[in-house]
Amino acid sequence: MCIIKWFKEQKRKRRERIYESPSEDGGVRIRNDCDMPKEILSDVLISFSCKFSTVSLIDEAEGLERGFFSFSAKRTESGVCYSCSLRGRDNVEKSEELFTFTMLEELNRLIKEHNVASFNGRSYKVSGLPEFFGAKVEAEYDSGEQIYCYNNQDMFLPIGFICGVCRLFGVGLCDPDRA
């Protein structure tokens, strides 16, 4: 059991080294970790974090507010603590409210339905950009499986996925009938 813990710690350190090291302005860093699974077998999501921008989206984001979104949810003994924010036309923040465990089940359903794990291990970073225009997803499962994908320039997440996350958290949808 100790060896598994050691490997997880080494993997975490490697990820921090790859994704958080300093880089030159204007440089592009592309990382593809081929060891990250492209399919998640577990159905028990224990934490979720997602950030994305709809500022650079034009027609495909119809029904979504323009701005910078941030969502997180984490399983606790008594429910799910969550926080979300939208910086845009109307700044909105919600946090530390307790949801039921079905929230994480719904997030897991959205992740699987829109095949977000297929982006697992991909990181694309352009240094020197003035704002965050892309997306980042982090998810952790009770089995130890993880999803991590990041792009600070392009929104790579499916529109259906981001609309579903917005609907679940109750933030950012102009058109409530949007999927």
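Contact, as the word is used on this tour, means heavy atoms within 4.5 Å. The structure on screen is a predicted model, in which local features need pLDDT of at least 70 and side-chain atom pairs count only at pLDDT 80 or more, while totals for chains, interfaces and linings use all residues. Residues are numbered from 1 along each chain as its sequence is written, and side-chain values use heavy atoms, with hydrogens and water left out.

**First stop: Ser42**

Select Ser42, which sits in the loop between β1 and β2; strands here are DSSP runs of E of at least two residues, helices are runs of H or I of at least four, and both are numbered from the N terminus. Is Ser42 buried or exposed? Ser42 is buried, its relative accessible area being 9%, where buried means under 20%, exposed over 50% and partly exposed in between, computed with a 1.4 Å probe on protein chains only. If its neighbours within four places in sequence are set aside, Ser42 is in contact with Asn108, Lys112, Tyr141, Asp142, Ser143 and Glu145. With Asp142, the side chain of Ser42 makes a polar contact of 2.8 Å, a term for a pair of N or O atoms within 3.5 Å in which, within protein, one must be able to donate a hydrogen and the other to accept it, and for which residues adjacent in sequence count only if both atoms are side-chain atoms.

**Second stop: Asp43 and Lys112**

Now add Asp43 and Lys112, whose side chains meet in a salt bridge with an N to O distance of 3.0 Å; such a bridge requires a side-chain nitrogen of Lys or Arg within 4 Å of a carboxyl oxygen of Asp or Glu. This pair links distant parts of the chain, with Asp43 in the loop between β1 (28-32) and β2 (45-53) and Lys112 in helix α2, 69 residues apart. Asp43 is exposed, at a relative accessible area of 52%, whereas Lys112 is partly exposed, at 35%.

**Third stop: helix α2**

Extend the selection to residues 102-113, the twelve residues of helix α2, which at 1.5 Å a residue should span 16 Å, in agreement with end C-alpha atoms that are 16 Å apart; the expected span is 1.5 Å times one less than the number of residues. Which residues of α2 are buried? They are Met103, Leu104, Leu107, Asn108, Leu110 and Ile111. Seen down the axis of α2, these buried residues fall within an arc of 160°, so they line one face of the helix, the arc being that of the directions from the helix axis to the C-beta atoms.

Within α2, colour Arg109, which forms a salt bridge with Glu106 at 2.5 Å between the closest N and O atoms and another with Glu113 at 2.1 Å. Through these shared partners, Glu106, Arg109 and Glu113 are joined into one network. Just after α2 comes Asn115, whose phi is positive, near 50°.

**Last stop: strands β3 and β4**

Finally, select strand β3 (residues 67-75) and strand β4 (residues 80-88), which pair in the antiparallel sense over nine bridges, pairing being assigned if DSSP finds at least two bridges between two strands. Ala73 has Tyr82 of β4 as its bridge partner. Four residues lie between the strands of this hairpin, where Gly79 takes a positive phi near 160°.
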